[in-house]
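Visitor: I would like to go through this structure with you, one question at a time. Could you show it to me before we begin?

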Amino acid sequence: MDWVLLIGRILFALIFVMSGAKVHLIQRAQGVQYARANQVPVPELLVPLSGLMAVVGGAFVALGLWADLGALLLAAFAFPVGLGMHAFWKLPDPMERANQQAHFMKNLSIGGAALALFVFFQQFGDELDLVIEPTLF
């Protein structure tokens, strides 16, 4: 079962590492522009900062290195991004609203899963194999 958990951790973290690196860091200018269009305050700071949170948090969870901290970073990333970037309730167009609602619900779900992972690592981290150092807290 340790291999299944490792595969699950890697697959869960993949979306954060890839989107954080690409959208928030490598293509930062476009990310800032998109955030600015969504009225995100100080996007020049928040876009790369949130990208670092996503990449570091995802790497921590995937590697099992302070995975509890990584899971908290991912939750702290997912919830504000969902609220700030996918505010479907503000949109008049039904198609666009439905699309953004799906993204909002994805962020809500992923943030909830990150919180569940935090508790999991806190309670069972010392019993896990295929980790480096599962808990910091």
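Visitor: Which residues of H5 are buried, and which helices do they pack against?
Guide: This is a predicted model, in which local features need pLDDT of at least 70 and side-chain atom pairs count only at pLDDT 80 or more, while totals for chains, interfaces and linings use all residues. Residues are numbered from 1 along each chain as its sequence is written, and side-chain values use heavy atoms, with hydrogens and water left out. Taking buried as under 20% relative accessible area, exposed as over 50% and partly exposed as in between (1.4 Å probe, protein chains only), the buried residues of H5 are Gln100, Phe104, Asn107, Ile110, Gly111, Ala114, Leu117, Phe118 and Phe121. With contact meaning heavy atoms within 4.5 Å, these residues pack against helix H1 (2-26), helix H2 (28-37), helix H3 (43-63) and helix H4 (67-85).

Visitor: How far does H5 reach from its first C-alpha to its last?
Guide: Helices are DSSP runs (H or I, at least four residues; strands are E, at least two), numbered from the N terminus, and H5 covers residues 94-124, which is 31 residues. The expected span of a helix is 1.5 Å times one less than its number of residues, and for H5 this comes to 45 Å. Close to that expectation, H5 reaches 44 Å.

Visitor: Which residues of H4 are buried, and what covers them?
Guide: For the 19 residues of H4 the expected span is 27 Å, and the end C-alpha atoms are 26 Å apart, which agrees. Its buried residues are Ala67, Asp68, Gly70, Ala71, Leu74, Ala75, Phe77, Ala78, Val81, Gly82 and Met85. What covers them includes H1, H2, H3 and H5.

Visitor: Which helix supplies the largest share of the largest nonpolar core?
Guide: A nonpolar core is a set of buried Ala, Val, Leu, Ile, Met, Phe, Trp, Tyr and Cys residues joined through side-chain atoms within 4.5 Å. The largest one has 22 residues, of which Phe12, Phe16, Val61, Leu74 and Leu117 touch the most other members. H1, H2, H3, H4 and H5 each supply at least two residues of this core, and the largest share, 7 residues, comes from H4.

Visitor: What does Val61 touch, leaving out residues up to four places away in sequence?
Guide: Val61 is among the core residues that touch the most other members. With those sequence neighbours left out, the contacts of Val61 are Arg9, Phe12, Ala67, Gly70, Ala71, Leu74 and Leu117.

Visitor: Is Leu11 buried or exposed, and how much area has the nonpolar surface patch that includes it?
Guide: Leu11 is found in helix H1, and its relative accessible area is 57%, so it counts as exposed. Patches are made of residues with over 30% relative accessible area and no salt bridge, where like charges are joined within 9 Å and nonpolar side chains (Val, Leu, Ile, Met, Phe, Trp, Tyr) within 5 Å; accessible areas come from the Shrake-Rupley method with a 1.4 Å probe, and for residues only the protein chains shown count as cover. Together, Ile7, Leu11, Leu14 and Met18 make a nonpolar patch of about 410 Å².

Visitor: Which side chains meet in a salt bridge?
Guide: Side chains of opposite charge can pair when their charged atoms come close. By the criterion of a side-chain nitrogen of Lys or Arg within 4 Å of a carboxyl oxygen of Asp or Glu, the structure holds 1 salt bridge. Its partners are both partly exposed, one at a relative accessible area of 44% and the other at 47%. At 2.0 Å from N to O, they are Arg36 and Glu44.

Visitor: Where is Thr135, and which residues does it touch?
Guide: Thr135 is found in the segment after H5, and at 17% relative accessibility it counts as buried. Not counting residues up to four places away in sequence, Thr135 touches Trp66, Asp68, Phe121, Gln122, Gly125 and Asp126.

Visitor: What separation is there between the C-alpha atoms of Leu130 and Trp3?
Guide: Leu130 also lies in the segment after H5, and at 32% relative accessibility it counts as partly exposed. Apart from residues up to four places away in sequence, it touches Asp2, Trp3, Leu6, Arg9 and Leu63. Although Leu130 and Trp3 are 127 residues apart along the chain, their C-alpha atoms are separated by 7.6 Å.
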